[in-house]
Amino acid sequence: KQLLAEKQNSLFDAAYETGLSGTGRLHDLFVNIEGMTPGEYKNGGEALTIYYSIQVCRFGKYIVASTGKGISNLSFFEGNNEMAIVTLQEYWPNAKLTNGIDDNQLKIVSFFNNETADADRIRLHLKGTPFQLKVWSALLHIPGGAVSTYGGVAQHINKKGASRAVGTAIGRNPVGYIIPCHRVIRSIGESGGYRWGGIRKKAMLAWEASR
């Protein structure tokens, strides 16, 4: 905090300058984002076969989905599993959904169990606009135990003044926690909204701060 106050650096700059490692290491050290081509997601993903499974971690139940290239979705949910599958199908209306777990999903399970080795890079295969992909990539630079603001993220991607557009992109993040949109709060210090529930967001931040 003193570093930020004295030098008025962004959280991103402070993370690099303090050389965070261990549990506070930067997400981008072990997460790789690949954007889908228009052909891969056109017509609701009709060219894709997507595998999914229902899992449980310290933050609750989640459905995780993957293509052959990486994780495409990770959504926390309450209630029955069937509704989570329906929601995933709505995101990929024409893709072939298959219940099954692959190596990409196993890395997610290991990650939540604190078993991911440094060499086990988590691969993400995401549907998004170039702007959304840029925002999601920027979020990977926010270390665990720290937070940024919508304005801070906008400044990091050289889009100062685009806080609202950044907020919209963050709200459409398809991969919960791994892309740490929960680490973005309002400039007034409030935690702000979260597509998977404000209580869950606070729990995530509290758990990371405790580590």
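**Ser66.** I started with Ser66 and got 0% relative accessibility, so it goes down as buried. This is a predicted model, by the way, not an experimental one. I placed Ser66 in strand E3, which runs over residues 60-66. Who does the buried side chain talk to? I found a polar contact of 3.0 Å between the side chains of Ser66 and Gln105. Then I listed what Ser66 touches, skipping its neighbours within four places in sequence: Thr49, Ile50, Tyr51, Ile71, Ser72, Asp102, Asn104 and Gln105. Gln105 is therefore in that contact list as well as being the polar partner.

**Asn173.** Next I looked at another polar residue. Buried or exposed? Asn173 comes out at 0% relative accessibility, so I wrote it down as buried. I found Asn173 in the loop between H8 and strand E8 (184-185). Its side chain reaches the backbone oxygen of Ile179 at 3.1 Å. Leaving out residues up to four places away in sequence, I have Asn173 touching Trp136, Ile179, Cys181, Arg195 and Trp196.

**Cysteines.** Cys181 turned up in that list, so I checked its cover: 4% relative accessibility, buried. I did Cys57 too, and at 12% it also counts as buried. How many disulfides are there? My search of the whole structure found 0. The cut-off for that search was sulfur atoms within 2.5 Å.

**Main core.** I then pulled up the largest nonpolar core, which has 39 residues. Which members touch the most others? I noted Leu74, Phe76, Ile108, Phe112, Leu124, Ile178 and Ile179. Ile179 is the residue whose backbone oxygen the Asn173 side chain reaches. Going by element, I listed those that give two or more residues: strands E1 (31-35), E3 (60-66), E4 (71-76) and E6 (122-126), plus helices H5 (103-112), H6 (130-139), H7 (150-156) and H8 (163-171). The largest share is from H6, with 5 residues.

**Leu74.** I took Leu74 as my example from the core. Not counting residues up to four places away in sequence, Leu74 touches Tyr62, Ile63, Val64, Ile108, Phe112, Pro174, Val175, Gly176, Ile178 and Trp196. Trp196 I had already met as a contact of Asn173.

**Second core.** I also found a separate core of 12 residues, and its members include Leu48, Ile50, Ala65 and Ala84. Ile50 is one of the residues in contact with Ser66.

**Positive phi.** I scanned the backbone for positive phi outside glycine and kept two asparagines. Asn43 has phi near 50° and sits in helix H3 (residues 38-45). At 45% relative accessibility, I have Asn43 as partly exposed. Asn158 has phi of about 60°. Where is Asn158? I found it in the loop between H7 and H8. Asn158 has 68% relative accessibility, so I called it exposed.

**Whole chain.** Last, the overall numbers. I counted 9 helices and 8 strands. Of the 211 residues, 44% count as buried. I get an accessible surface of about 10,600 Å², with 51% of that belonging to carbon and sulfur atoms. For contacts between residues at least 6 apart in sequence, 63% join residues at least 24 apart. The contact between Ser66 and Gln105 is one I had already logged above.

Definitions and conventions:
Residues are numbered from 1 along each chain as its sequence is written. This is a predicted model: local features need pLDDT of at least 70, side-chain atom pairs count only at pLDDT 80 or more; totals for chains, interfaces and linings use all residues. Side-chain values use heavy atoms; hydrogens and water are left out. Helices (H or I, at least four residues) and strands (E, at least two) are DSSP runs, numbered from the N terminus. Buried means under 20% relative accessible area, exposed over 50%, partly exposed in between (1.4 Å probe, protein chains only). Contact means heavy atoms within 4.5 Å. Accessible areas come from the Shrake-Rupley method with a 1.4 Å probe; for residues, only the protein chains shown count as cover. A nonpolar core is a set of buried Ala, Val, Leu, Ile, Met, Phe, Trp, Tyr and Cys residues joined through side-chain atoms within 4.5 Å. A polar contact is a pair of N or O atoms within 3.5 Å; within protein, one must be able to donate a hydrogen and the other to accept it, and residues adjacent in sequence count only if both atoms are side-chain atoms.
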